[in-house]
Amino acid sequence: MSDKTVVSCDQYDYFEIACMDHYHLEVETDQGSIVGQAKTLRASDGEEYLILETESAEEQVRLTEIVAITVLSETRRFDRKQFK
């Protein structure tokens, strides 16, 4: 049995904006934080991921595991979005 869940369309819009504008983000999950530039969204095996370019590597974070995102870029359409 799968425990897959999806994010709402409203939440997904914030991820799309972050990727379109290539925002530098702090992405918070229950396991900690990752800082990087939002590159794209990717789907794999029924799960959706935010792809971030960090200083050392490309990271993918499952959207359903993201607690909050904070935009670190100077020019931005939003500052912070809490998801859980």
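**Figure 1. Asp-45, out in the open.** At 67% relative accessibility, Asp-45 counts as exposed, the cut-off for that label being over 50%. Asp-45 sits in the loop between S2 and S3. Its backbone is worth a look too: phi is positive, about 55 degrees, although Asp-45 is not a glycine. Keep in mind here and in the views below that this is a predicted model.

**Figure 2. His-22, another non-glycine with positive phi.** Here we move to the loop between H1 and S1, where His-22 is found. Phi of His-22 is positive at about 50 degrees, and again the residue is not a glycine. How much of His-22 is left accessible? Its relative accessible area is 40%, so His-22 goes down as partly exposed.

**Figure 3. The whole chain, for orientation.** Pulling back for a moment, the chain has one helix and six strands. Read from the N terminus, the order is α-β-β-β-β-β-β. The C-alpha atoms fill a box of roughly 45 × 30 × 20 Å along the principal axes. For 84 residues, a compact globule would have a radius of gyration near 12 Å, and the chain agrees because its own value is 12 Å. Of those 84 residues, 38% count as buried. Take the contacts between residues at least 6 apart in sequence, and 43% of them join residues at least 24 apart.

**Figure 4. The surface and its charges.** About 5300 Å² of the chain is exposed, and carbon and sulfur atoms supply 44% of that area. On the charge side, there are 9 positive and 18 negative side chains. The centres of the two sets lie 2 Å apart.

**Figure 5. Inside the largest nonpolar core.** This core has 18 residues, and the ones touching the most other members are Leu-25, Val-27, Leu-50 and Ile-66. Which elements each supply at least two residues of the core? They are helix H1 (9-20), strand S1 (24-29), strand S3 (47-53) and strand S5 (66-71). H1 gives the largest share, four residues. As background, nonpolar side chains in soluble globular proteins tend to be buried together.

**Figure 6. Val-27 and its company.** Val-27 is one of the core residues that touch the most other members. Setting aside residues up to four places away in sequence, Val-27 touches Gly-32, Ser-33, Ile-34, Leu-50, Leu-52, Val-61, Ile-66, Ala-68 and Ile-69. Two of these contacts, Leu-50 and Ile-66, are named with Val-27 among the core residues touching the most other members.

**Figure 7. Gly-32, a partner of Val-27.** Gly-32 belongs to strand S2 (residues 32-44) and is one of the residues that Val-27 touches. Gly-32 is partly exposed, with a relative accessible area of 29%. Looking across to Cys-9, the two residues are 23 apart in sequence and 24 Å apart in space, C-alpha to C-alpha.

**Figure 8. Tyr-49 in strand S3.** Tyr-49 is found in strand S3. Is Tyr-49 buried or exposed? Its relative accessibility is 13%, so Tyr-49 counts as buried, given that the label applies under 20%. Leaving aside neighbours within four places in sequence, Tyr-49 is in contact with Thr-40, Leu-41, Arg-42, Ser-44, Gln-60, Val-61, Arg-62 and Leu-63. Leu-63 deserves a second glance: Tyr-49 and Leu-63 are 14 residues apart along the chain, while their C-alpha atoms are separated by 5.3 Å.

**Figure 9. Ile-17, a buried residue of helix H1.** Ile-17 is found in H1 and, at 18% relative accessibility, counts as buried. Not counting neighbours within four places in sequence, Ile-17 is in contact with Tyr-23, Arg-77 and Phe-78. The C-alpha atoms of Ile-17 and Ala-38 are 9.4 Å apart, with the two positions 21 residues apart in sequence numbering.

**Figure 10. Tyr-14, also on helix H1.** Tyr-14 lies in H1. With 22% relative accessibility, Tyr-14 counts as partly exposed. Beyond residues up to four places away in sequence, Tyr-14 touches Ile-69, Phe-78, Lys-81 and Phe-83. Phe-78 links this view to the previous one, as a contact of Ile-17 and of Tyr-14. Tyr-14 and Ser-44 are 30 residues apart in sequence and 20 Å apart in space, C-alpha to C-alpha.

Definitions and conventions:
Residues are numbered from 1 along each chain as its sequence is written. This is a predicted model: local features need pLDDT of at least 70, side-chain atom pairs count only at pLDDT 80 or more; totals for chains, interfaces and linings use all residues. Side-chain values use heavy atoms; hydrogens and water are left out. The radius of gyration is taken over C-alpha atoms; the globule rule is 2.2 Å times the number of residues to the power 0.38. Buried means under 20% relative accessible area, exposed over 50%, partly exposed in between (1.4 Å probe, protein chains only). Contact means heavy atoms within 4.5 Å. Accessible areas come from the Shrake-Rupley method with a 1.4 Å probe; for residues, only the protein chains shown count as cover. Lys and Arg count as positive and Asp and Glu as negative; His and the chain ends are not counted. The place of a charge is taken as NZ of Lys, CZ of Arg, CG of Asp or CD of Glu. A nonpolar core is a set of buried Ala, Val, Leu, Ile, Met, Phe, Trp, Tyr and Cys residues joined through side-chain atoms within 4.5 Å.
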